[in-house]
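Biologist: I am new to this structure and would like a close look at one part of it, with enough of the surroundings to place that part. Please take one helix and follow it through its neighbours.

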Amino acid sequence: SRGLRKSGNKPELISRLIKGAESDESVEDEEKHRRGGARRDSSVESSKDAYKGMKVVDLRAELGRRGLEEDGRKAELVDRLVEYDKLRERYKSMSKSELQEQLESRGLRKSGNKPELISRLIKGAESDESVEDEEKHRRGGARRDSSVESSKDAYKGMKVVDLRAELGRRGLEEDGRKAELVDRLVEYDKLRERYKSMSKSELQEQL
């Protein structure tokens with residue numbers, strides 16, 4: 001879906017996807033590789049502007065209709081709605097079987113039509129983010145989070161020259177302050193863990 005090559009073994013596919021994600025984030029307003037990516041981004045930006053123009057009471061009503069948490073400052077309410085829209089667009093591009101796989105991996109029910117599956121996944125994601133240190137629904141989720149936190153601590157203890165060397169080995173951008181280098185490596189690790197849990201055919205669909 002990103003217009004990238006699908007050939008190679010699973011580690012090669014994972015590496016290609018991670019580098020593609022890094023490229024997507026590093027170039028502002030670049031032409032998206034995923035079909036409809038630019039349209040989705042434009043739609044999300046438009047909805048964000050629309051939400052910013054709404055009153056807090058109306059934002060809370062929108063959140064309530066989506067079954068989301070209604071507490072917080074206006075900026076938080078806007079961000080919550082925008083994140084909901086992003087997740088909805090992402091899940092809408094998946095097939096019903098892919099959505100059911102995502103639900104199964106989080107320990108959520110797989111029955112229902114596609115809109116119901118999407119709604120369940122979004123609410124599950126919102127729940128994951130809103131409760132700190134809660135038991136993860138996805139199999140191995142807690143282990144992955146622990147691993148990422150450990151790697152973040154390890155990166156923080158490294159020198160800038162060593163962080164840049166690590167980024168270079170992964171084919172990532174090496175410029176920036178130490179905190180940015182650490183964040184870039186942590187994001188790489190998160191993506192790698194996510195893609196490692198996918199089958200080869202799922203990775204090829206992402207490419």
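Modeller: From the N terminus on, the elements of the chain run α-α-α-α-α-α-α-α-α-α, and in this predicted model that amounts to 10 helices and zero strands. Of the 207 residues of the chain, 36% count as buried, and among the contacts with a separation of 6 or more, 43% are accounted for by residues 24 or more positions apart.

The part to look at closely is helix H3, and a good place to begin is the way its residues are distributed around the axis. Leu-59, Glu-62 and Leu-63 are the residues to note here, since in H3 they are buried. They cover an arc of only 100 degrees around the axis, and therefore they lie on the same side of H3. An α-helix has 3.6 residues a turn, so residues three or four places apart point the same way. On the other side of H3, by contrast, Val-57 and Arg-65 are exposed. After the helix comes Gly-67, whose phi is positive, near 75 degrees.

The next step is to ask what H3 packs against. Two packed helices are described by the angle between their axes and the distance between the axes. For H3 and H4 the angle is about 35 degrees, and the axes are 10 Å apart, while the crossing of the two is left-handed. On the H3 side, the residues that take part are Val-56, Leu-59, Arg-60, Glu-62 and Leu-63, and they meet Lys-74, Leu-77, Val-78, Arg-80 and Leu-81 in H4. Sorted by class, the residues of this contact of H3 with H4 divide into six nonpolar, no polar and four charged.

Leu-59 deserves a closer look of its own, for it belongs to the buried residues of H3 and also to the contact with H4. Leaving aside residues up to four places away in sequence, Leu-59 touches Tyr-51, Met-54, Lys-74, Leu-77, Val-78 and Leu-81. The largest nonpolar core has 18 residues, and Leu-59 is listed there with Tyr-51, Tyr-91, Leu-99 and Ile-122 as those with the most contacts inside it. Helix H3 (56-65), helix H4 (74-92), helix H5 (96-106) and helix H6 (114-130) each supply at least two residues of this core, and H4 gives the most, with seven residues. Apart from this core lies another, of 17 residues, among them Ile-14, Tyr-155, Leu-163 and Leu-203.

Leu-163, named in that other core, leads to a second pair of helices that can be set beside H3 and H4. Helix H8 (residues 160-169) and helix H9 (residues 178-196) pack at an angle of about 35 degrees, with axes 10 Å apart, and H8 passes H9 in a left-handed crossing. In this pair, Val-160, Leu-163, Arg-164, Glu-166 and Leu-167 of H8 meet Lys-178, Leu-181, Val-182, Arg-184 and Leu-185 of H9, and by class the contact has six nonpolar, no polar and four charged residues.

Lastly, the ends of the chain help to place all of this. Asn-9 sits in the segment before helix H1 (10-26), and its C-alpha atom is separated by 8.0 Å from that of Lys-200, although the two are 191 residues apart along the chain. Glu-205, in helix H10 (residues 200-206), has its C-alpha atom separated by 9.9 Å from that of Leu-4, with their positions 201 residues apart along the chain.

Note on methods
Residues are numbered from 1 along each chain as its sequence is written. This is a predicted model: local features need pLDDT of at least 70, side-chain atom pairs count only at pLDDT 80 or more; totals for chains, interfaces and linings use all residues. Side-chain values use heavy atoms; hydrogens and water are left out. Axes are lines fitted to C-alpha atoms, for helices over the stretch in contact, and angles run from 0 to 180 degrees between N-to-C directions. Helices (H or I, at least four residues) and strands (E, at least two) are DSSP runs, numbered from the N terminus. A crossing is left-handed if the near helix is turned anticlockwise from the far one by less than a right angle, and right-handed if clockwise. Contact means heavy atoms within 4.5 Å. Ala, Val, Leu, Ile, Met, Phe, Trp, Tyr, Cys and Pro count as nonpolar, Asp, Glu, Lys and Arg as charged, and the others, Gly among them, as polar. A nonpolar core is a set of buried Ala, Val, Leu, Ile, Met, Phe, Trp, Tyr and Cys residues joined through side-chain atoms within 4.5 Å. Buried means under 20% relative accessible area, exposed over 50%, partly exposed in between (1.4 Å probe, protein chains only). The arc is that of the directions from the helix axis to the C-beta atoms.
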